[in-house]
Amino acid sequence: MSKHNLTTAAGAPVVDNQNVQTAGPRGPMLLQDVWYLEKLAHFDREVIPERRMHAKGSGAFGTFTVTHDISRYTRAALFSQVGKKTDLFLRFSTVAGERGAADAERDIRGFAVKFYTEEGNWDLVGNNTPVFFLRDPLKFPDLNRAVKRNPYTNMRDANANWDFWTLLPEALHQVTIVMSDRGIPSSYRHMHGFGSHTFSLISAKGERHWVKFHFHTQQGIQNLSDAEAEKLVGQDRESAQRDLLESIDRGDFPRWTMYIQVMTEAQADACPFNPFDLTKVWSHKAYPLIEVGVLELNRNPQNYFADVEQAAFNPANVVPGISFSPDRMLQGRLFAYGDAERYRLGVNHHLIPVNAPRCPFHNSYHRDGAMRVDSNAGATIGYEPNSQGKWQQQPAFDEPPLALQGNAYHYDFRADDDDYYSQPGALFRLMTPAQQQVLFDNTARAMGGVDEAIKRRHIANCAKADPAYGAGVAKALGLKI
């Protein structure tokens, strides 16, 4: 079989399609990684008008109320005092399916919250799982190719899906969750939400802490088996949409309790694994959950397209007191999400009511463009510096410096931390025997029709996490090891 060398669109050789360039092994990405920019910019423009991922979704408006003081960690105004309420919009979604997909499919669920704070919008764009399949954003388009439709058959391709997953052992943690009894939430109301990435909190004293955000459902966890989901899909392809809509309409408002995990910079430096690795979780024992507040959904959109379909979320939208981390996947999303929305909805998508800040906002440089629907800043001058004192920057909100070190290079993250198996193994051992059997059986059904070599590769990965995990999957697949 002949091989074709990978090049950029301009014909230059692609020297590394596995790792982005970073400042040191654990440092943030570099904008000079032109292959990443080209690959993701092209990927963001592939489909119109539907989202390429998270296409099928539901959403509602609500409020967030602070119940516990965390002002020692962050100067963000929405957390400034107990009892404070902030309006929000939350969009749930499935990830792999198109807009016409059924809600009750085995898949992770998107959990994206837009907080309309007095300091601007904060978009916390996560999932119902604390981890993800990938550590490096260069592989995100490849994940899309694997879970979307085969270009020849135009059907889902389990062989491609599992071929890709099993060749990325760091995906095993997420795969274990997806194939577990929590792989099909019974509704959006009955699942947790996670920011997933590591973010940072900046205090009024200029101190930085690394943080993870958690939302625990107050409705309790409820899931569907494969058989229950199959029956439900045959009756109602919009089961999660219907459940959310009807529960809010009847006044049964769903709620989630928000928690954070906090890690100091010194603790991160001493952490035995990369704390910015999206395929890893932080121990609740070492970094206990700290309660923050309650998220409530209490108003349905009056028009689905206006609010749910046109909702645009971007992890780059943060407010003073909340910021980023060297998490490679987060760094990649800071570019890709906004770029995708500018393509899908237009350069002025921030003016659509569901996306517009509720506080006053002024930007002299965002002028003109398609679908400009406001005054376009009128006759106000559009340059800075100027003699009129317009458009002044606000250095008071600057963050403390983040120390970086290392040479610019395509660092192989596997050389930094190649332990892909201890956390999936720990998760497996937390399961009851009945839950483990569900995991085995779900995996076997999901791998129906997959090549035996790929099945054996997955069995080998599972066995590295726990021998009983590998043996159980092998038995369910009818293979001897």
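Guide: Let's start with a term: a pocket is an open set of grid points with protein on both sides within 12 Å along at least five of seven lines. One thing to keep in mind is that this is a predicted model.

Visitor: How much space lies in the second largest pocket?

Guide: The second largest pocket holds about 1000 Å³ of space. It is lined by 42 residues, and those closest to its centre are Pro130, Ile177, Arg182, Val281 and Leu427. Look for helix H4 (172-178), strand S8 (208-217) and helix H11 (422-430), since these are the elements giving two or more residues to that lining.

Visitor: Which classes of residue make up the lining of the second largest pocket?

Guide: The split is 19 nonpolar, 18 polar and 5 charged residues.

Visitor: And why does the second largest pocket lie between two domains?

Guide: Check who contributes to the lining. Domain 2 (57-156 + 181-357) and domain 3 (419-477) both give residues to it, so the pocket lies between them.

Visitor: H11 came up just now. Which of its residues are buried?

Guide: In H11, the buried ones are Gln423, Pro424, Gly425 and Phe428. Their cover includes H4, helix H12 (433-446), helix H13 (452-465) and helix H14 (467-477).

Visitor: How do I read a cavity, then?

Guide: Rolling a probe the size of a water molecule over the atoms shows where empty space is left. In a cavity, the probe fits but cannot get out. Here the count comes to 5 cavities of 30 Å³ or more.

Visitor: What is the volume of space in the largest cavity?

Guide: About 690 Å³. Its lining has 39 residues, with Met53, His54, Phe140, Arg333 and Tyr337 closest to the centre. Helix H9 makes the largest share of that lining, 9 residues. Helix H1 (34-44), strand S3 (85-94), strand S4 (109-117) and strand S5 (120-127) are among the elements that each supply at least two. By class, the lining has 21 nonpolar, 9 polar and 9 charged residues. Domain 1 (17-46) and domain 2 (57-156 + 181-357) each provide at least three of the lining residues.

Visitor: Tell me about Tyr337. Is it buried, exposed or partly exposed?

Guide: Tyr337 is partly exposed, because its relative accessible area of 23% falls between the 20% and 50% cut-offs. This residue sits in helix H9 (residues 328-344). Beyond its neighbours within four places in sequence, Tyr337 is in contact with Val125, Phe313, Asn314 and Pro315. In UniProt, an unreviewed entry lists Tyr337 under "binding site".

Visitor: What about Thr63: why does it count as buried?

Guide: Thr63 has 14% relative accessibility, and buried means under 20%, so it counts as buried. You'll find Thr63 in strand S2 (residues 57-66). Apart from its neighbours within four places in sequence, the contacts of Thr63 include Lys85, Asp87, Val294 and Asn298.

Visitor: Back to the cavities. What volume has the second largest cavity?

Guide: About 130 Å³ for the second largest cavity. Of its 13 lining residues, Arg135, Asn274, Phe276, Asp277 and Arg328 are closest to its centre. The lining has 5 nonpolar, 2 polar and 6 charged residues. Domain 1 (17-46) and domain 2 (57-156 + 181-357) both give residues to this lining, so the second largest cavity lies between them.

Conventions:
Residues numbered from 1 in each chain as written. Predicted model: local features only at pLDDT ≥ 70, side-chain atom pairs only at ≥ 80, totals over all residues. Heavy atoms only, no water. UniProt positions renumbered as here; feature names shortened; annotations may be inferred. Helix = DSSP H or I, 4+ residues; strand = E, 2+ residues; numbered from the N terminus. Buried < 20%, exposed > 50% of the residue type's maximum accessible area, 1.4 Å probe, protein only. Contact = heavy atoms within 4.5 Å. 1 Å grid on protein atoms, 1.4 Å probe; cavity = no way out; pocket = protein on both sides within 12 Å on 5 of 7 lines; lining within 4 Å. Points joined across faces, edges and corners; volume = space filled by probe spheres on them. Nonpolar A, V, L, I, M, F, W, Y, C, P; charged D, E, K, R; others polar. Domains from an automatic or database assignment.
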